[in-house]
Every structure is written in structure tokens, then in C-alpha cells.
Amino acid sequence: MRIAMLSPIAWSTPPKKYGPWEAMVSLLTEGLVKRGIDVTLFATADSHTSGKLHAVCPRPYEEDKNIHVKVYECLHISEVFERADEFDIIHNHFDYLPLTYSRLVDTPVVTTVHGISSRRILPVYKKYNNSTFYVSISDAYRCDELEYIATVHHGIDTGSFPFNESPEDYLLYISRIHRDKGTKEAIEVAKRTGMRLKIAGFIADPEYFENEVAPHIDSEQIIYEGHVSHQHKKDLLSHARALLHMINYEEAFGLGVVEALTCGTPVIAINKGAMPELIIDGETGFLVNGVEEAVDAVQKLGSISRKKCRESVEIRFSVERMVEDYIKVYETILEKYRREEKRPWGFYEILTEKPGYKVKRITVLPQEEISLQRHAHRQEHWYIVSGEGLVTKNTDQIRVFSGDSVDLGVKEIHRVKNTGGQNLVFIEIAQGDYLGEDDIERFEDKYGRA
Ligand SMILES: O=P(O)(O)OC[C@H]1O[C@](O)(CO)[C@@H](O)[C@@H]1O
């Protein structure tokens, strides 16, 4: 299996410090290579992989403000798609932009949806919903308007995080410093419980840091450790009494939460987003609804077994499990693709074929149309499953929607155009003495095949 792994270029892959998407891409890439899979990693030039690295962007744009973000995004993404024929699957971790190239290539594209930053980007995801594949990183993060091939939780290199049975007496906040992540609320919990709080992470929102965080830093009770290295992060995580994760948004996953648990450190988190999928309330931490409940939870930390914390994530969130899950996703996609016949207007899948009849599921992409045609040996019955279209039947024009059907006799001239913004999907039952694809007489064709 040949995989093109498209990483973001905000940070290197793996990142030197912060960079959760790039960190996950690196772990997945290395895990796949270990399993003998041929992976080409498209990432910044200062990235490292035991697979093959392909880079056009010299440095991460977050580390070098001279890198023109849009220019390098274009150069980076186009590289993958220009080499599409060399791969069996393109695995996109670059959010929505690469989706817009996906219909220009024959290689299937699977996207791990790391985060939907705003509902305003949904139209792109919706447009490619039926022609590409999406993986959700938690069940909580599935968007009702999209279809997913699987949920795959992230995995971490659990073995590289030290387990510590005897913590020190401080609470920890480790994340980028931003309102969403609840730095201010973590400070409040520390102050109310009289415990020390160590804060680590890069300052994603300087104004928030200045107004809500900095005034509380006294380097005694509230300590800012800075944008820490991987080693420093592991030390902080393994020695903390608990991790405070007082998020103010529906977080898609929470790598820091899993990393803390791996060290044996319980997590007190706001019960939002993926938190219930990561933390077992009362056993590996506490799911709370605000500062008040978090303060109570701190008092109950003694009831948590640190060993249990580690055990709860060791297998469920290991890299090996994540790699295994993604291999299954790739295999499912390849199996589906083997069955699907590509056409310039979309694709079809033969559901069954027996002497005398053949059943297909036909997908016409938005605004595309099949040729104006007729068959000498078969009649067809079309049942519209979803989308909307305009059927030409001899001299008639018939608007069709989900639930409608159309019958086309032998030698009747016909065509269908997808007139909507979603895929037009219909089931075709063809009956006749000959059902080969070459029984098509084309009169007109948008793609020059007539
Ligand atoms: O000639 P085109 O545009 O590829 O269309 C072919 C499709 O049209 C149909 O013949 C429908 O009439 C399908 O059975 C077939 O897959």
C-alpha cells in the first residue's frame, strides 16, 4: 500500500514543541512505516521521517514569518496532487483546502477532520462529502451534516511518558494559552483550593494572556513555565497532582488529557466535547460543569488510583491501536474503490449482476451530466435516492428529486443532469438480453465522448 501523508506546514512534522496535528501525523507515519507500509510524508523541509519526505516549504510558517502562508500552502498541496498517480491513497491532515483538488485525481482522498474551526468552512466539507472520505477523531466531534467512514481516536507513544506514582503538590495547566482552553478558570480553581498551579504552553492569544493570566502570575502559587520542550512537558505532567482542563469549547480530542493519564495523572475537565470519551468520571479524573465543581473535585483527588489512570489509556490510546485503525480505514476505502467505476460525471457501483438484469448505484456529481444516449438492448428503471436532477426522456424534460422514479424503454433517448449542489444518487435496474457497457450510443457528451 502506498500512502501520501499530507501534513500541515504550520509546524514541522513532528513538531519541535507545540503542533498537535503534526505530532499525530508523525506518529501515524512512523507507525505505518514500521508495519511495512510505503509512506511519503509531505511536510516542511525540517521534518523527519523514516518514510520518504517530500518538502517544498523550507520551514514552518509559525516559526518564520517570512514564509508567505498562502503561497506555501498552494505549493505544498499541489505537490501531492500532481503526484497522485504514485499513491493508492492520499491521507489529508490539512483541513479543507486539499479537498478542492480531490475530484481532479483518481486516487481516493481520506481526510482526518482534526478540527472544524468555524461553521463557515462546512460548505467545502459538504461539497466533497460523497466523493471523499472523512475520519472523525472522536464520536463527539461528528458533524451531523457529514458522513464519516470511521472514528479513530488519536494514539500517543505511551511508552515514552513516564509513570509516576508519587506526585508533587501542584496542579497543572498544559495547553496553548487561549480563552477556549480555560487558563483563567484553571487559575481560579488553584486560588480557591490554595494549591500551586503550573501553567505551560505557548501564548496563542497575547491579549488574553496579558489581561487574564499575567496579572495572576506570582511565580509562587501561579507559575508560568513558558512554551516548554517535550522533555519538560513530560516532567510537568508526571509530577502533577492533577491536570486542569477547564475548556470553554467543544474540544474535538485532547492530546494533553491522554498524555496526563498516561503518566498516571488524573484529569479534572469540563464535561464538553470529547472529554467523556477520554476520562472515566470518578475513576481517572472528574468531569465537571464549572469552577465550583472543579474545586470539589480537587478535594476528591485522593480517591483516584494513578495506576488505573495509566491502565485506562495504555491500550485504548496507543499508537499501535491508532495505526491498526487507520490501516482498516485504508483497506475499506481500497475495497470500495475497486468496486467503483469512475466516469467524468461521477462514478457507479454494480450492486448485483445476473443473467437478464443488472443493478447499479449511480452517483452524478453536482452540475455534471451523463451523455445523451440510448441503448439497443436494455430498458432502465431509475429510482432517485438523493439529490435533484433533470432527466431528458426523448423530447420530455422531467425534474426529479429523492423518491421519484423514471422508466426508460429500449432505444429511448435519455440523459440526466445533476442540477443541485449535492451528489445525485440513483439506483438503476437495467433489464435486457445484453447489459454490457458498450451498448451505449452517445449523441451528445459534455466530455467529448460522443
Ligand atoms: O455514457 P456515460 O455518460 O458515461 O453514461 C453511462 C451511464 O449511463 C447509463 O447508461 C444510464 O442510461 C448507465 O448505465 C451508464 O453507467
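How many nonpolar, polar and charged residues does the shell around the ligand have? Let's work that out, along with a few related exercises.

Some ground rules come before we start. This is a predicted model, where local features need pLDDT of at least 70 and side-chain atom pairs count only at pLDDT 80 or more, while totals for chains, interfaces and linings use all residues. Residues are numbered from 1 along each chain as its sequence is written, and side-chain values use heavy atoms, with hydrogens and water left out.

**Exercise 1. Describe the shell around the ligand.**

Step 1: Find the neighbours. A residue is near the ligand if one of its heavy atoms lies within 4 Å of it. That gives 18 residues, the closest being Lys360, Glu380, His414, Arg442 and Arg449.

Step 2: Sort them by class. The shell splits into 6 nonpolar, 4 polar and 8 charged residues. Here Ala, Val, Leu, Ile, Met, Phe, Trp, Tyr, Cys and Pro count as nonpolar, Asp, Glu, Lys and Arg as charged, and the others, Gly among them, as polar.

Step 3: Trace them to strands (DSSP runs of E, at least two residues, numbered from the N terminus; helices are runs of H or I, at least four). β16 (357–364) and β18 (378–386) each bring at least two shell residues, and β18 gives the most, with 3.

**Exercise 2. Pick out side chains that make polar contacts with the ligand, then say how much of the ligand is covered.**

Step 1: Look for pairs of N or O atoms within 3.5 Å; within protein, one must be able to donate a hydrogen and the other to accept it, and residues adjacent in sequence count only if both atoms are side-chain atoms. His414 has a side-chain N or O atom 2.7 Å from a ligand oxygen. For Gln373, a polar side-chain atom is 2.8 Å from an oxygen of the ligand, and for Trp345 that distance is 2.9 Å.

Step 2: Check the cover. On its own the ligand has 400 Å² of accessible area, and the protein covers 100% of it (Shrake-Rupley method, 1.4 Å probe; for residues, only the protein chains shown count as cover).

**Exercise 3. Locate the space that holds the ligand.**

Step 1: Search for cavities. On a 1 Å grid over the protein atoms alone, a cavity is a set of points where a 1.4 Å probe fits but cannot get out; lining residues have an atom within 4 Å of a point. The whole structure yields 1 cavity of 30 Å³ or more.

Step 2: Size it up. The largest cavity holds about 170 Å³ of space, with grid points joined across faces, edges and corners and the volume being the space filled by probe spheres set on them. Its lining has 18 residues, with Trp345, Ile370, Gln373, Glu437 and Ile440 closest to the centre.

Step 3: Place the ligand. The ligand sits in the largest cavity, as more than half of its atoms must lie within 2 Å of the grid points to qualify.

**Exercise 4. Find two backbone oddities.**

Step 1: Check the prolines. The peptide bond from Thr13 to Pro14 is cis, with omega near -5°, and Pro14 lies in the loop between β1 (2–6) and α1 (20–34).

Step 2: Check phi. Gln367 isn't a glycine, yet its phi is positive, about 70°. You'll find Gln367 in the loop between β16 and β17 (372–374).

Technical notes:
On a 1 Å grid over the protein atoms alone, a cavity is a set of points where a 1.4 Å probe fits but cannot get out, and a pocket is an open set with protein on both sides within 12 Å along at least five of seven lines; lining residues have an atom within 4 Å of a point.
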